[in-house]
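Me: Hi, have you got time to go through this one with me? Let's get the vocabulary straight as we go.

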Amino acid sequence: MAYLLHIANALYLGSYLVKDMLWLRVLTVVAGVLLMATFYLRADPMWDAIGWNVLFGCINVVQIVLLVRERRPVRLADREQRLYQLAFRSLSPREFRKLIDLATWREETDGARLVERGEELDRVMVIAEGHADVYVEGRPHVHLGPGRFIGEMSFLSGQAPTADVHAEGDVVLVVWSSRELRAFLGASPDLRAAMQLVIGNDLVTKLRTA
């Protein structure tokens, strides 16, 4: 019985030395099982200690399942993969998966007004296919192609748009509700920072084009 205790403690020591959280939890669970066996095989089993180790083991098993799920390969549809390459390469595929699952895909026809100057905008969009034109005081200002954001300034500032945006030909958009996207990013600081970088890069590209 003593050798089980030594093996368990050796595994606990090993769990403290590994950097990978998954392996840390796996080693901890195995060590806990051996420790419970040690407590059970005593002449007077230590049921309280066994109970606490069962609880710790269950918590670690749940965390192991979550870690394994997070590490599974991310699958993207063809159009999602194209959009990822166009605009979201600074995000990890898993971050992009979470973001795109929050969005809806929408098709607009030639000439459709996507944004109207002065009217409150409750969404932020990215062009997946097609093109759009930004008009300032009725004059063409910026031509937007696939991968470019629409409505991002209103999303960041909370103010009404200062320009009109019209579809040039048929266009496919990925659309997020501004309210839902803010709440989602607010709950994930790392993803919020990554998204701010994406939007910042888009703004720089637009300024250069203008």
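Reply: Sure! Buried means under 20% relative accessible area and exposed over 50%, with partly exposed in between (1.4 Å probe, protein chains only). This is a predicted model, where local features need pLDDT of at least 70 and side-chain atom pairs pLDDT 80 or more, while totals for chains, interfaces and linings use all residues. Residues are numbered from 1 along each chain as its sequence is written, and side-chain values use heavy atoms, leaving out hydrogens and water.

Me: OK, how exposed is R106, then?

Reply: R106 has a relative accessible area of 29%, so it is partly exposed. The side chain of R106 also forms a salt bridge (Lys or Arg side-chain nitrogen within 4 Å of an Asp or Glu carboxyl oxygen) with E108. The closest N and O atoms of R106 and E108 are 3.0 Å apart.

Me: How many salt bridges does the structure hold?

Reply: The structure holds 10 of them. Another one joins R97 and D101, at 2.8 Å from N to O. R97 and D101 are four residues apart in helix α5, so about one helical turn separates them. Helices (H or I, at least four residues) and strands (E, at least two) are DSSP runs numbered from the N terminus.

Me: And D101, buried or exposed?

Reply: D101 counts as exposed because its relative accessibility is 54%. R97, on the other hand, is one of the buried residues of α5 (residues 93–101), along with F96, L99 and I100.

Me: What do the buried residues of α5 pack against?

Reply: They pack against several elements, with contact meaning heavy atoms within 4.5 Å. The helices among these partners are α4 (78–87), α7 (178–186) and α8 (189–209). The strands are β1 (104–108) and β6 (164–177).

Me: What about A103, where does that one sit?

Reply: A103 is in the loop that runs between α5 and β1. At 13% relative accessible area, A103 is buried. Leaving aside residues up to four places away in sequence, A103 touches V174, V175 and W176. Its C-alpha is 24 Å from that of L66, and the two residues are 37 apart along the chain.

Me: Back to salt bridges. Which residues are linked in a network?

Reply: R148, E152, D202 and K206 are linked that way. Within the network, K206 bridges to D202, with the closest N and O atoms 3.0 Å apart. K206 and D202 lie four residues apart in helix α8, so they too are separated by about one helical turn.

Me: And are K206 and D202 buried or exposed?

Reply: K206 is buried, with 13% relative accessible area. D202 counts as buried as well, at 2%.

Me: Switching to pockets, what volume does the largest pocket have?

Reply: About 530 Å³. A pocket here is an open set of points on a 1 Å grid where a 1.4 Å probe fits, with protein on both sides within 12 Å along at least five of seven lines; lining residues have an atom within 4 Å of a point. Volume is the space filled by probe spheres on the points, joined across faces, edges and corners.

Me: Which residues lie nearest its centre?

Reply: Of the 24 lining residues, V134, E152, M153, T162 and A163 lie nearest the centre of the largest pocket. Two or more lining residues come from each of β3 (123–136), β4 (139–144), β5 (149–150), α6 (152–157) and α8. The largest share is four residues, from α6.

Me: What is the lining like by class?

Reply: The lining of the largest pocket has 16 nonpolar, six polar and two charged residues. Asp, Glu, Lys and Arg count as charged, Ala, Val, Leu, Ile, Met, Phe, Trp, Tyr, Cys and Pro as nonpolar, and the others, including Gly, as polar.

Me: And what lines the second largest pocket?

Reply: L66, R69, E70, R72, R94, R97 and K98 line that one. By class, this lining has six charged residues, one nonpolar and no polar. Both α3 (47–70) and α5 supply at least two of the lining residues. The volume of the second largest pocket is about 170 Å³.

Me: Last one: what does R25 touch?

Reply: R25, in helix α2 (residues 21–40), touches N60, Q63, I64 and L67, again not counting residues up to four places away in sequence. R25 is buried yet has no salt bridge. The nearest side chain of opposite charge (Lys and Arg positive, Asp and Glu negative, His and chain ends not counted) is D20, 9.0 Å away. V29 is in helix α2 too, and with the sequence limit of four places V29 touches G57, N60, V61 and I64.
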